[in-house]
Amino acid sequence: MALKILILCTGNSCRSQMAEGFLQQLDHRLCVRSAGTNPAPKINAHAVEVMYEDCVDLSGQKPKPVTQFLNEEWDYVITVCEKADQSCPHFKGKVKHRLHLGFDDPAAAQGTEDEVLNEFRRVRDEICVAFKKFYERELKPQLQQAAAEPCSTATTAALAAV
């Protein structure tokens with residue numbers, strides 16, 4: 001059983017990409033995607049840099065529009081910025097759980113290059129901690145329960161017929 005998780009922010013260039021990267025690394029049974037309500041042209045280079053410091057490679061990622069995912073079914077749709085939370089579109093597919101985990105926008109940071117990078121690191125670390133907690137409290141127990149459940153009678157019969 002895989003859980004499908006969509007992480008939304010406005011530009012899909014920093015926070016949602018970071019969260020997708022961390023969450024996907026935690027468990028191969030998770031199908032994690034991210035998108036933006038108003039996607040940026042490209043991923044923020046500082047986000048790529050600070051995630052690479054944590055061994056998460058975002059260099060091949062591109063911002064995606066949320067409209068690309070509206071017809072799909074999701075176990076979780078998670079917003080990571082206030083703007084996306086307020087303007088989260090209506091999904092035509094089924095969404096089992098919708099929640100908000102808000103983080104400051106590191107792209108708004110000003111100052112020297114070191115100050116800006118430190119802000120990206122701070123937000124990265126907050127996202128890492130929050131999504132690890134979310135995984136441990138919400139996702140991992142669901143995945144363990146699904147793994148412990150026996151196959152249905154129909155599944156068992158179909159496998160026996162093979």
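**Close-up views of a predicted model**

**View 1. N12 and its backbone in the loop after β1.** N12 is found in the loop between β1 and α1. Please keep in mind, here and in the views that follow, that this is a predicted model. Although N12 is not a glycine, its phi is positive, at about 55°. Is N12 buried or exposed? Its relative accessibility is 0%, so N12 counts as buried.

**View 2. C55, just past the end of α2.** Here is another residue to look at for its backbone angle. C55 lies in the loop between α2 and β3, and its position is just after α2. C55 is not a glycine, yet it has a positive phi of about 65°. With 63% relative accessibility, C55 counts as exposed because the cut-off for that label is over 50%.

**View 3. The start of helix α2.** Helix α2 covers residues 45–53, and A45 lies in it. At the start of this helix, N44 offers a side-chain oxygen that comes to within 2.8 Å of the backbone nitrogen of H46. A45 has 57% relative accessibility and therefore counts as exposed. You can also look from A45 to L58: these residues are 13 apart along the chain, and their C-alpha atoms are separated by 9.4 Å.

**View 4. The two sides of α2.** Which residues of α2 are buried? They are H46, A47, V50 and M51. Viewed down the axis of α2, the buried residues fall within an arc of 125°, so they line one face of the helix. A general rule helps here: an α-helix has 3.6 residues a turn, so residues three or four places apart point the same way. The buried residues of α2 pack against two other helices, α1 (15–26) and α4 (113–148). On the face turned away from the buried side, you will find the exposed residues A45 and Y52.

**View 5. The largest nonpolar core.** This core has 32 residues, and those touching the most other members are I5, I7, L23, L30, I127, F131 and L139. At least two residues come from each of β1 (3–9), α1, β2 (30–36), α2, β3 (74–79) and α4. Which element gives the most? That is α4, with eleven residues. In soluble globular proteins, nonpolar side chains tend to be buried together.

**View 6. F131 and its contacts.** F131 is among the residues that touch the most other members of the largest nonpolar core. Leaving aside residues up to four places away in sequence, F131 touches I7, A19, L23, L26, I78, V80, L101 and F103. A second core, separate from the largest one, has eight residues, including L8, A35, V66 and V77.

**View 7. Aromatic rings, in a pair and in a cluster.** How many aromatic pairs does a search of the whole structure find? The search finds four. One of them joins F69 and W74 edge-to-face, with 5.8 Å centre to centre and 75° between the planes. Both F69 and W74 are buried. W74 has a charged partner too: the charged end of K4 sits over its ring, 4.4 Å from the ring centre. Elsewhere in the list of rings, Y76, F103, F131 and F134 are linked by ring pairs into a cluster.

Conventions. Residues are numbered from 1 along each chain as its sequence is written. This is a predicted model: local features need pLDDT of at least 70, side-chain atom pairs count only at pLDDT 80 or more; totals for chains, interfaces and linings use all residues. Side-chain values use heavy atoms; hydrogens and water are left out. Rings of Phe, Tyr and Trp (its six-membered ring) pair if their centres lie within 6.5 Å; planes under 30 degrees apart count as stacked, over 60 as edge-to-face and the rest as tilted. Buried means under 20% relative accessible area, exposed over 50%, partly exposed in between (1.4 Å probe, protein chains only). A charge sits over a ring if NZ of Lys or CZ of Arg is within 6 Å of the ring centre and within 35 degrees of the ring normal. Helices (H or I, at least four residues) and strands (E, at least two) are DSSP runs, numbered from the N terminus. The arc is that of the directions from the helix axis to the C-beta atoms. Contact means heavy atoms within 4.5 Å. A polar contact is a pair of N or O atoms within 3.5 Å; within protein, one must be able to donate a hydrogen and the other to accept it, and residues adjacent in sequence count only if both atoms are side-chain atoms. A nonpolar core is a set of buried Ala, Val, Leu, Ile, Met, Phe, Trp, Tyr and Cys residues joined through side-chain atoms within 4.5 Å.
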